Amino acid sequence: MDLYSFIHETIFEEKDKYVRLFELFWGELEQDGFVITDEAGHEIDSVYKAVAIQNLIGEFEYRLYDVVNETGFEDVVDYLAKIGISKEEIVEYCCEDENIDTFEDDEDLIVKNGLDYITEIVSDKLLECFCADDLFDYFFTATYDFVQDFTFDFEDVDEFMAFVDSNSERLDEYKEEYSSVLSWIESGMIV
C-alpha cells in the first residue's frame with residue numbers, strides 16, 4: 001500500500017480548498033522526518049498527524065469564522081479502517097505511548113486522547129518549522145474567500161506561496177483585525 005498517496009488522496013483532497021496548505025505542511029514535516037510514509041509500520045502515526053493538521057485548520061476556521069470544527073477521532077478510525085487497521089490496533093498504538101492518557105477503559109476516549117496529543121505535537125512541530133506570522137498567513141490564505149479575480153486553484157505550493165508573499169501587507173492587516181487568532185497560534189494552537 002502506498003501510504004503517501006492514500007493520505008494525499010483520501011485525507012488531504014477531502015477539501016480542495018486546503019490541498020496546497022496540506023502539501024506545504026506535510027512536505028515540511030516529511031522533510032524533517034516527523035512523518036514517515038515510505039516505510040511500513042507508520043500508518044497509524046501518519047494518519048493521526050494528517051488528521052491533526054485537519055483539526056488545526058478546523059480550529060483556525062472556528063476561531064476566525066465561528067465555523068464548527070468537525071474533525072474528530074472518528075476520522076482517525078475511519079481512515080485507518082480503509083487501509084485495514086482496526087480500532088484495537090489504534091488503541092494499542094495509543095497505549096504504547098506514555099504521553100497519551102489511556103487510564104480509562106473506554107476505547108473511544110483513548111483514540112480521542114491520542115488525537116489530542118498528536119494534534120498538540122503537530123502544533124509544536126509546525127511552530128518549530130514556521131513562525132506564527134507565517135502560519136497565520138498560510139491558514140488565512142487557504143481558508144479566506146478573497147473577493148477578487150482570483151480562484152483557489154493554485155497549481156502547486158509555489159503558486160500558493162507566491163500569493164502569500166505578494167499579499168503580505170494585506171495579510172498583516174488581517175493579523176491586526178484578528179489579533180486573538182494570531183495569539184492562539186503564538187500560544188501553541190491548543191485545540
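Which residue just after helix 4 takes a positive phi? The views below come from a predicted model, and the first one gives the answer.

**View 1. Helix 4 and what comes after it.** The residue to look for is Gly 84, sitting just after helix 4 with a positive phi of about 85°. Helix 4 itself runs over residues 73-82, and its buried residues are Phe 73, Val 76, Val 77, Tyr 79 and Leu 80. So what lies over them? The cover includes helix 1 (3-11), helix 3 (43-65), helix 5 (87-96) and helix 6 (107-129).

**View 2. Tyr 48 in the core.** The largest nonpolar core has 65 residues, and Phe 25, Tyr 48 and Phe 139 touch the most other members. Helix 3 gives the most to this core, with 11 residues. Now zoom in on Tyr 48: skipping its neighbours within four places in sequence, Tyr 48 is in contact with Val 76, Ile 90, Tyr 93, Cys 94, Val 111, Gly 114, Leu 115 and Ile 118. You've met one of these already, as Val 76 is among the buried residues of helix 4. As a general habit, nonpolar side chains in soluble globular proteins tend to be buried together.

**View 3. Two cysteines, no bond.** How many disulfides are there here? The count is 0. Cys 94 is in no disulfide, and its nearest cysteine sulfur, that of Cys 95, is 6.8 Å away. A pair would count only with the sulfurs within 2.5 Å. Cys 95 is likewise in no disulfide. Check how much of each one shows: Cys 94 is buried, with a relative accessible area of 0%, while Cys 95 is partly exposed at 43%.

**View 4. Helix 10 and its buried side.** In helix 10 (residues 179-186), the buried residues are Val 181, Leu 182, Trp 184 and Ile 185. They cover an arc of only 155° around the axis, so they lie on the same side of helix 10. Their cover includes helix 3, helix 6, helix 7 (132-143) and helix 9 (168-177). After helix 10 comes Gly 188, with a positive phi near 110°.

**View 5. Stepping back to the whole chain.** The protein chain has 10 helices and 0 strands. Its radius of gyration is 17 Å, close to the 16 Å that the globule rule gives for 191 residues, so the chain is as compact as a globular protein of that length. The C-alpha trace spans about 50 × 35 × 30 Å along its principal axes. Buried residues make up 49% of the 191.

Conventions:
Residues are numbered from 1 along each chain as its sequence is written. This is a predicted model: local features need pLDDT of at least 70, side-chain atom pairs count only at pLDDT 80 or more; totals for chains, interfaces and linings use all residues. Side-chain values use heavy atoms; hydrogens and water are left out. Buried means under 20% relative accessible area, exposed over 50%, partly exposed in between (1.4 Å probe, protein chains only). Helices (H or I, at least four residues) and strands (E, at least two) are DSSP runs, numbered from the N terminus. Contact means heavy atoms within 4.5 Å. A nonpolar core is a set of buried Ala, Val, Leu, Ile, Met, Phe, Trp, Tyr and Cys residues joined through side-chain atoms within 4.5 Å. The arc is that of the directions from the helix axis to the C-beta atoms. The radius of gyration is taken over C-alpha atoms; the globule rule is 2.2 Å times the number of residues to the power 0.38.
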